[in-house]
Amino acid sequence: MTIWNLGSINADMIYDVPHLPGPGETLSANRLDRFLGGKGANMSVAAARAGTRVAHIGAVGPDGRWAQDRLTEYGVDTRYIAGVEVPTGHAIIAVDAQGENNIILFPGSNHAIAPDQLGQALSSAERGDLLVMQNETNLQVEAAEMGRDLGLTVCYAAAPFQADAVKAVLPFLDFLILNEVEAEQLREATGQSVTDLEVEHVIVTLGSKGARYYHRGGASDFPAYKVQAVDTTGAGDTFTGYVLAAMDRGMPMAQAISQANRAAALMVTRHGTADVIPDLKEVREAQFD
């Protein structure tokens, strides 16, 4: 099958800083690295490295051809990425010595995806394929509704979190992934806990504590693997990509989440985003305490 990802593509400018800057503070960085990023690109690379076919639907500006080429290099089908006149999206990411981060995001071409482009891409989808979106592009509701009508499994990673964006796609979702802060924000916005949602599969990621899976009124916990984190950027996207790839291959959800936890644990030991996402062989061979 195929995972269709309506996803963002960014240049991630990552600054190594002694601590995260406070309001009004000017801070000298120790190092600057540029990586391929964006939650969409990260998920596409993760799913491809996890061994499944991924078709990315997105857009880059005149300055973004390198990003499209790198996605192709990592095994992602990039035929549905459009070139537009709007500058490519980018993120300015500060990472401290403990691996925590803060991010400034410029959407750019991620919000210039055309409806005709989306329709043309999904016209090649087959019933049972997976469609995933994040809140970093336009056309999320249109894609979710189209995916449902085409018989796709519609998945949504609710980040960056906006309650209205999640509420707009909820009626079309089969699968929702969000972190525990986002789950609480959604409860405050809708009056519904994740157990009340009419979504078949819900995963709440819990950071260093692992993940919790909700299905048909029941909940199962999956502990995280213990590692020394150096950079948490992209860990959630890596987790999501690995879960979706495992679903695409028919893997039981418990096994899928455990494998995704392994991938995320490896990811936080590395500096960078899409360029350093581990492949399936690394994930399977990794040794944890």
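# Exercises on a predicted structure

Helix α2 lies across strands β2 (10-16) and β3, and runs at about 65 degrees to β3. The model is a predicted one, and the exercises below treat its sheet, its aromatic rings, its cores and its backbone.

## Exercise 1: The open sheet

Determine which strands stand at the edges of the sheet that contains β2 and β3, and explain why one side of each is left without a neighbour.

Solution.

Step 1. Write down the strand order. The open sheet has 4 strands in the order β3-β2-β6-β7, with mixed pairing.

Step 2. Look at the two ends of that order. β3 (31-37) and β7 (101-106) are the edge strands; each has a single partner strand, so one side of each has no neighbour in the sheet.

Step 3. Add the twist. From one strand to the next, the twist averages 20 degrees.

Step 4. Examine the pairing at β7. Strand β6 (residues 89-95) runs antiparallel to β7 and is joined to it by 6 bridges. V95 has N101 in β7 as its bridge partner.

## Exercise 2: An aromatic pair

Classify the pair formed by W4 and Y80, and state where in the chain the two residues lie.

Solution.

Step 1. Place the pair in the whole structure. The search finds 2 aromatic pairs.

Step 2. Use the geometry. The ring centres of W4 and Y80 are 5.5 Å apart and their planes make an angle of 55 degrees, so the pair counts as tilted, the class left when planes under 30 degrees are called stacked and those over 60 edge-to-face.

Step 3. Locate the partners. W4 belongs to strand β1 (residues 2-6), while Y80 is in the loop between α2 (65-73) and β5 (81-83); the pair thus links distant parts of the chain, 76 residues apart.

Step 4. Check the surroundings. W4 is buried at a relative accessible area of 1%, and Y80 is also buried, at 15%.

## Exercise 3: Cores and a buried glycine

Identify the core that includes Y80, and list the residues that G58 touches beyond four places in sequence.

Solution.

Step 1. Begin with the largest nonpolar core. This core has 58 residues, and L36 and I203 have the most contacts inside it. Helix α8 (residues 253-267) gives the most to it, with 9 residues.

Step 2. Turn to the other core. Apart from the largest one lies a core of 40 residues, and Y80 is among them, as are A59, F172 and Y214.

Step 3. Consider G58. This glycine is in strand β4 (residues 53-60) and is buried, with a relative accessible area of 0%.

Step 4. List the contacts. Leaving out residues up to four places away in sequence, G58 touches G7, Y80, I81, A82, I113 and Q117.

## Exercise 4: Backbone exceptions

For L139 and R216, decide whether each is buried or exposed, and state where the cis peptide bond is found.

Solution.

Step 1. Recall the usual case. Most residues other than glycine have a negative phi, and most peptide bonds are trans.

Step 2. Treat L139. Its phi is near 65 degrees, a positive value, and L139 is in the loop between β8 and α4 (140-149). At 11% relative accessibility, L139 is buried.

Step 3. Treat R216. Its phi is near 50 degrees, also positive, and R216 is in the loop between β12 (211-215) and β13 (218-222). At 67% relative accessibility, R216 is exposed.

Step 4. Find the cis bond. The bond joins A159 and P160, with omega about -10 degrees; P160 is in the loop between β9 and α5 (163-169).

Methods. Residues numbered from 1 in each chain as written. Predicted model: local features only at pLDDT ≥ 70, side-chain atom pairs only at ≥ 80, totals over all residues. Heavy atoms only, no water. Phe/Tyr/Trp six-rings, centres within 6.5 Å; stacked < 30°, edge-to-face > 60°. Buried < 20%, exposed > 50% of the residue type's maximum accessible area, 1.4 Å probe, protein only. Core = buried A, V, L, I, M, F, W, Y, C linked by side-chain atoms within 4.5 Å. Pairing = 2+ DSSP bridges. Axes fitted to C-alpha atoms, helices over the stretch in contact; angles between N-to-C directions. Contact = heavy atoms within 4.5 Å.
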